[in-house]
Amino acid sequence: MAELQEVQITEEKPLLPGQTPQAAKEAELAARILLDQGQTHSVETPYGSVTFTVYGTPKPKRPAILTYHDVGLNYKSCFQPLFQFGDMQEIIQNFVRVHVDAPGMEEGAPVFPLGYQYPSLDQLADMIPCILQYLNFSTIIGVGVGAGAYILSRYALTHPDTVEGLVLINIDPNAKGWMDWAAHKLTGLTSSIPEMILGHLFSQEELSGNSELVQKYRNIVTHAPNLDNIELYWNSYNNRRDLNFERGGDITLKCPVMLVVGDQAPHEDAVVECNSKLDPTQTSFLKMADSGGQPQLTQPGKLTEAFKYFLQGMGYMASSCMTRLSRSRTASLTSAASIDGNRSRSRTLSQSSESGTLPSGTPGHTMEVSC
């Protein structure tokens with residue numbers, strides 16, 4: 001019998017015919033750059049075309065992270081500081097991301113013709129199944145801000161089996177009441193659309209302080225070439241229906257939820273009220289100190305750490321090192337829930353704000369996290 005010889009194969013990926021090793025490396029580098037830059041797609045829906053950008057490749061048995069931005073922003077201006085943050089890389093390496101731009105909000109979007117009927121927030125939510133079908137994705141973890149948080153919540157109510165978790169920043173699940181409508185109309189007589197949107201994005205204290213961040217986003221909104229489109233999105237947000245959440249009722253979010261709001265945000269009361277209406281065993285409430293109206297912009301590090309805890313509680317990212325949030329806790333935190341093996345979501349109870357007191361109901365389940 002001829003002696004068998006061990007052959008070591010060093011090339012894991014065979015070269016294409018006529019392709020040199022250098023050309024193969026350049027092609028692989030180009031593919032990685034393309035993934036880092038994202039691939040933008042558009043898909044037709046019953047309510048018009050919607051544009052979205054995909055980063056990364058799908059991971060087996062893992063949902064996609066799908067984001068939806070607030071009024072006056074697009075996916076880049078709303079989420080780029082968060083997803084480009086250094087500690088976030090551990091997350092995005094393990095999940096494919098889908099960043100949705102509301103119709104007419106994407107970069108270079110043409111202005112809609114006069115009389116165009118912009119989709120309602122409910123209809124924007126009904127566009128999401130078309131996106132997932134196009135990408136052949138079965139489940140998502142939604143991350144939404146303001147109007148985007150409402151849209152993802154509406155989608156989760158109608159398609160609960162496709163949503164594994166939600167991170168809702170600055171959500172207001174309530175329709176505008178008559179008093180709100182009157183105030184909005186009165187404000188519209190004395191304020192421009194950019195000023196009203198900035199008042200939605202930032203607190204009055206932030207606007208008065210006129211920080212570099214506020215100046216940047218004031219410029220983005222005021223000089224937006226698609227300002228007419230933004231006004232249509234703004235009108236749809238102000239015409240939203242009540243989500244009718246009811247603790248213990250039939251209308252509720254079935255998946256794990258992390259509610260996020262800044263301690264100086266104009267939406268703090270609405271998020272606290274939303275927290276009181278959701279299942280306390282499924283909900284975490286994160287109120288972030290010194291973060292203002294846009295915590296994903298001002299405190300990306302703390303939000304990233306909380307997001308890691310949230311994913312870990314869902315059974316993902318089990319080996320992540322959670323250090324930043326632990327270091328940032330102060331003596332004002334009066335208790336902390338330990339991480340257990342079955343449901344390792346971290347919650348800490350803070351008494352730093354009267355508006356953040358626990359709602360009536362089952363005590364000790366939904367707690368406020370203050371960073």
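Me: Contact means that heavy atoms lie within 4.5 Å. Among contacts in the protein chain between residues at least 6 apart in sequence, what percentage join residues at least 24 apart?

Reply: Please note at the outset that this is a predicted model. In the protein chain, 72% of the contacts between residues at least 6 apart in sequence join residues at least 24 apart. For one pair of such distant positions, consider L114 and D228, which are 114 residues apart along the chain and whose C-alpha atoms are separated by 9.5 Å.

Me: How many helices and strands does the secondary structure of the protein chain come to?

Reply: The chain has 14 helices and 11 strands.

Me: How is burial to be read, and what percentage of the residues in the protein chain is buried?

Reply: A residue is called buried under 20% relative accessible area and exposed over 50%. Of the 371 residues in the protein chain, 50% are buried.

Me: Is L114 buried or exposed?

Reply: The relative accessible area of L114 is 91%, so this residue is exposed. L114 is located in the loop between β4 (97-101) and α4.

Me: Where does N226 lie, and is this residue buried or exposed?

Reply: N226 belongs to the loop that runs between α9 (212-222) and α10 (227-238). Because its relative accessible area is 9%, N226 is buried. When residues up to four places away in sequence are not counted, N226 touches G104, M105, A109 and V111.

Me: Which residues of helix α2 are buried?

Reply: In helix α2, residues 75-83, the buried residues are Y75, S77, C78, F79, L82 and F83. At the N-terminal end, α2 is capped by N74, which places a side-chain oxygen 3.0 Å from the backbone nitrogen of K76.

Me: Where is Q296 found, and which residues is Q296 in contact with, leaving aside its neighbours within four places in sequence?

Reply: Q296 is part of helix α12, residues 295-298. With those neighbours left aside, Q296 has contacts with C78, P81, L82, V145, I169 and L303. Its relative accessibility is 0%, so Q296 counts as buried.

Me: Which partners does the side chain of Q296 have, first on a backbone and then on a side chain?

Reply: On a backbone, the partner is the oxygen of C78, which the Q296 side chain reaches at 3.3 Å. On a side chain, the partner is Q294, with a polar contact of 2.8 Å. C78 itself is one of the buried residues of helix α2.

Me: How should the crossing of two helices be read? At roughly what angle do the axes of helix α4 and helix α5 cross?

Reply: One looks at the distance between the axes, the angle and the handedness. The axes of helix α4 (residues 121-135) and helix α5 (residues 147-158) come within 8 Å and cross at roughly 65°. Angles of 65 to 115 degrees count as roughly perpendicular, so α4 is roughly perpendicular to α5. The crossing of these two helices is right-handed.

Me: Which residues of α4 and α5 meet?

Reply: From α4 come L121, D122, L124, A125, I128, P129 and L132, and from α5 come Y150, I151, L152, R154 and Y155. By class, this contact comprises 10 nonpolar and 2 charged residues, with no polar ones.

Me: At roughly what angle do the axes of α7 and α10 cross?

Reply: Helix α7 (residues 193-201) and α10 have axes that come within 11 Å and cross at roughly 50°. The two helices are therefore oblique to each other. Their crossing is left-handed. On the α7 side the contact is made by I193, P194, M196, I197 and H200, and on the α10 side by L227, I230, E231, W234 and Y237. These residues divide into 8 nonpolar, 1 polar and 1 charged.

Me: What is notable about the backbone? Near what value is the phi of N244, and near what value is that of D290?

Reply: For N244, phi is near 60°, a positive value in a residue other than glycine. For D290, phi is near 55°, again positive in a residue other than glycine. N244 is placed in the loop between α10 and β7 (257-262), while D290 is in the loop between β8 (283-288) and α12. With a relative accessible area of 45%, N244 is partly exposed, whereas D290, at 57% relative accessibility, counts as exposed.

Notes. Residues are numbered from 1 along each chain as its sequence is written. This is a predicted model: local features need pLDDT of at least 70, side-chain atom pairs count only at pLDDT 80 or more; totals for chains, interfaces and linings use all residues. Side-chain values use heavy atoms; hydrogens and water are left out. Helices (H or I, at least four residues) and strands (E, at least two) are DSSP runs, numbered from the N terminus. Buried means under 20% relative accessible area, exposed over 50%, partly exposed in between (1.4 Å probe, protein chains only). A polar contact is a pair of N or O atoms within 3.5 Å; within protein, one must be able to donate a hydrogen and the other to accept it, and residues adjacent in sequence count only if both atoms are side-chain atoms. Axes are lines fitted to C-alpha atoms, for helices over the stretch in contact, and angles run from 0 to 180 degrees between N-to-C directions. Angles under 35 degrees count as roughly parallel, over 145 as roughly antiparallel, 65 to 115 as roughly perpendicular and the rest as oblique. A crossing is left-handed if the near helix is turned anticlockwise from the far one by less than a right angle, and right-handed if clockwise. Ala, Val, Leu, Ile, Met, Phe, Trp, Tyr, Cys and Pro count as nonpolar, Asp, Glu, Lys and Arg as charged, and the others, Gly among them, as polar.
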